[in-house]
Amino acid sequence: MLNVYFGDMPDVIYNTNVYFDNTYKDSWITNPLSKEMIKAVDKSDVIDERTISSPVFGNMSPKKLSGGVKTLLLIANDPNKIFNASTCGDNCAEWILKIAKMKEERHQKVVINLRHLMDFGDGQFKIKVVNTNKIVTNMAELVVEAGEFV
């Protein structure tokens, strides 16, 4: 289950771009989940741990990935931190849910911070709104629960 805290939050990594650029590990880039996320969100292919082929920029460093992909990679690979997922577009929402589900299967918890209402789609999901300690299962419930915080 994904845990979301809406609004200002202490101890959150707000600038995920700078944090990623200074902390990511080469091994993060080449794992299968990372390759899938980079392909889906940035439309780019991983060549190796230091080279990504972008249709816009050509061959580039992982430091040139979008803020959304960088944040996804941080959520997936740095479990001891809470990241500002408002750096992600709605195209990252399904990946955030997938990461949370994978982590839950390993008895790990994913907590993110949002400063806007992300669109998690029309389907069913399970998100705990940390602000209120309530679990929501669709966007209509999420809108009601998060409304006073964003």
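The following is a working conversation about a predicted model.

Q: Before we start, what are the ground rules for this model?
A: The model is predicted, so local features need pLDDT of at least 70 and side-chain atom pairs count only at pLDDT 80 or more, while totals for chains, interfaces and linings use all residues. Residues are numbered from 1 along each chain as its sequence is written, and side-chain values use heavy atoms, with hydrogens and water left out.

Q: How is the open sheet ordered?
A: Six strands form the open sheet, in the order E2-E6-E7-E1-E8-E9, with mixed pairing. Strands (E, at least two residues) and helices (H or I, at least four residues) are DSSP runs numbered from the N terminus. Two strands pair if DSSP finds at least two bridges between them.

Q: Which strands stand at the edges?
A: E2 and strand E9 (134-136) do; each has a single partner strand, so one side of each is left without a neighbour in the sheet.

Q: And how does E9 attach to E8, parallel or antiparallel?
A: Strand E8 (residues 127-129) and E9 run antiparallel and are joined by three bridges. Within that pairing, Ile127 has Val136 of E9 as its bridge partner.

Q: Which helices pack on the sheet?
A: Helix H5 (residues 93-105) touches strand E1 (2-6), strand E7 (110-114) and E8, and its direction makes about 155° with that of E7. Helix H6 (residues 139-146) touches E1, E8 and E9, and its direction makes about 145° with that of E9. Contact here means heavy atoms within 4.5 Å. The axes are lines fitted to C-alpha atoms, for helices over the stretch in contact, and angles run from 0 to 180 degrees between N-to-C directions.

Q: Back to E7: how many of its residues are buried?
A: Five of its five residues are buried, so defined by a relative accessible area under 20%, with exposed meaning over 50% and partly exposed in between (1.4 Å probe, protein chains only). Val110, Ile112 and Leu114 point one way from E7, and Val111 and Asn113 point the other way.

Q: What pairs with E7?
A: E1 runs parallel to E7 and is joined to it by five bridges; there, Tyr5 has Asn113 as its bridge partner. E6 also pairs with E7 in the parallel sense, over two bridges, and Asn84 stands opposite Asn113.

Q: Which residues are the best connected in the largest nonpolar core?
A: That core has 44 residues, and Leu2, Ile96, Ile112, Phe120 and Leu142 touch the most other members. H4 gives the most to this core, with six residues. A nonpolar core is a set of buried Ala, Val, Leu, Ile, Met, Phe, Trp, Tyr and Cys residues joined through side-chain atoms within 4.5 Å.

Q: What does Phe120 touch?
A: Not counting residues up to four places away in sequence, Phe120 touches Leu2, Ala93, Leu97, Leu114, Phe125, Ile127, Met139 and Leu142.

Q: Changing topic: which residues of H1 are buried?
A: In helix H1 (residues 16-23) they are Thr16, Tyr19 and Phe20. They cover an arc of only 100° around the axis, which puts them on the same side of H1; the arc is that of the directions from the helix axis to the C-beta atoms.

Q: What do they pack against?
A: The buried residues of H1 pack against strand E2 (12-13), helix H2 (26-30), helix H4 (67-77) and strand E6 (82-84).

Q: How many disulfides are there?
A: The search of the whole structure finds zero disulfides, a disulfide being a pair of cysteine sulfur atoms within 2.5 Å. For Cys88, the nearest cysteine sulfur is that of Cys92, 4.1 Å away.

Q: Are those two cysteines buried or exposed?
A: Cys88 counts as buried at 5% relative accessibility, and Cys92 is buried at 1%.

Q: What about E3, E4 and E5: how are they joined?
A: A hairpin joins E3 to E4 through two residues, and E4 and E5 form a hairpin with three residues between them. Strand E4 (residues 51-54) has a covered face, Ile52 and Ser54, and an uncovered one, Thr51 and Ser53.

Q: Last one: where does Lys43 lie, and what is its phi?
A: Lys43 lies in the loop between helix H3 (32-42) and E3. Its phi is near 55°, a positive value in a residue other than glycine, and Lys43 is exposed, with a relative accessible area of 53%.
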